[in-house]
Amino acid sequence: MPIDWIWGLVGGLMIGSAAAFYLLVNGRVMGASGIVGGLVDRSGWGTWAERLTFVAGLALVPAVLKQFFEAPVSTNITDNMPAVVLAGLLVGVGTRMANGCTSGHGVCGISRFSLRGIAATIFYLFAGGLAVIVFRHLFGSI
């Protein structure tokens, strides 16, 4: 059996540990879209340094870890750049509509037994599956 599954386990443990640490230290849920959204719309400007540090860590930690670990990377991303841009915009709109993203609702919400987090997670998993079916079979872009 290939050992590739270990990378998903390690990543999940890192995200879960970071969420627990963030909650224990700051007393707030680690929702990436809320943290970034507070920087963009300035609603969380009072904690801008903390938010900016978090966002920088999202980019810098994988770049540093990549120097020490060689993980095989295989993606199936499309070359259709308009589809990639549209997908990114739709994800951003969806996180604002849902008042959170996978890290807020999925990781933190479910672990706190939040009914809103559980419902949001079920809905975005369903919507993601439906989007794959539509884009693959109707548009042929995935």
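Trainee: By the rule for salt bridges, how many does the count come to?

Mentor: The count comes to 1 salt bridge. Keep in mind that this is a predicted model.

Trainee: What makes glutamate 50 and arginine 28 a salt bridge?

Mentor: Their side chains meet at 2.4 Å, N to O. The rule asks for a Lys or Arg side-chain nitrogen within 4 Å of a carboxyl oxygen of Asp or Glu, so the pair qualifies.

Trainee: Why can we say that this pair ties parts together?

Mentor: Look at where the two partners sit. Glutamate 50 is in helix 3, while arginine 28 is in the loop between helix 1 and helix 2 (32-40), so the bridge links parts 22 residues apart in sequence.

Trainee: Why is glutamate 50 called partly exposed?

Mentor: Its relative accessible area is 26%. Buried means under 20% and exposed means over 50%, so a value in between earns the label partly exposed.

Trainee: And arginine 28: what is its relative accessibility, and what does it count as?

Mentor: Arginine 28 comes out at 34%. That value falls between the 20% and 50% cut-offs, so arginine 28 is partly exposed.

Trainee: Let's turn to the surface. Which residues make the nonpolar patch?

Mentor: Trp7, Val10, Met14, Val61, Val64, Leu65, Phe68 and Phe69 make it, and it covers about 730 Å². Helix 1 (5-26) and helix 3 (48-66) are the elements that give two or more residues to this patch.

Trainee: Take methionine 14, then. How do you know that it can belong to a patch?

Mentor: Methionine 14 has a relative accessible area of 41% and is partly exposed. Patch residues need over 30%, and Met is on the list of nonpolar side chains, so methionine 14 meets both of these conditions. You'll find methionine 14 in helix 1.

Trainee: Stepping back, what does the secondary structure of the chain come to?

Mentor: It comes to 6 helices and 0 strands. Starting at the N terminus, the elements read α-α-α-α-α-α.

Trainee: How much of the chain is buried?

Mentor: Buried residues are 18% of the 142 residues. As for the surface, the chain has about 10500 Å² of accessible area, with 73% of it belonging to carbon and sulfur atoms.

Trainee: What does the C-alpha trace span along its principal axes?

Mentor: About 45 × 40 × 30 Å. And among contacts between residues at least 6 apart in sequence, 41% join residues at least 24 apart.

Trainee: How far apart are the mean positions of the positive and negative charges?

Mentor: They are 13 Å apart, taking the 8 positive and 5 negative charges of the chain.

Note on methods
Residues numbered from 1 in each chain as written. Predicted model: local features only at pLDDT ≥ 70, side-chain atom pairs only at ≥ 80, totals over all residues. Heavy atoms only, no water. Helix = DSSP H or I, 4+ residues; strand = E, 2+ residues; numbered from the N terminus. Buried < 20%, exposed > 50% of the residue type's maximum accessible area, 1.4 Å probe, protein only. Contact = heavy atoms within 4.5 Å. Areas by Shrake-Rupley, 256 points an atom, 1.4 Å probe, with all protein chains shown as cover. Lys, Arg positive; Asp, Glu negative; His and termini not counted. Charge placed at Lys NZ, Arg CZ, Asp CG, Glu CD. Patch = residues over 30% accessible without salt bridge, like charges linked within 9 Å, V, L, I, M, F, W, Y side chains within 5 Å.
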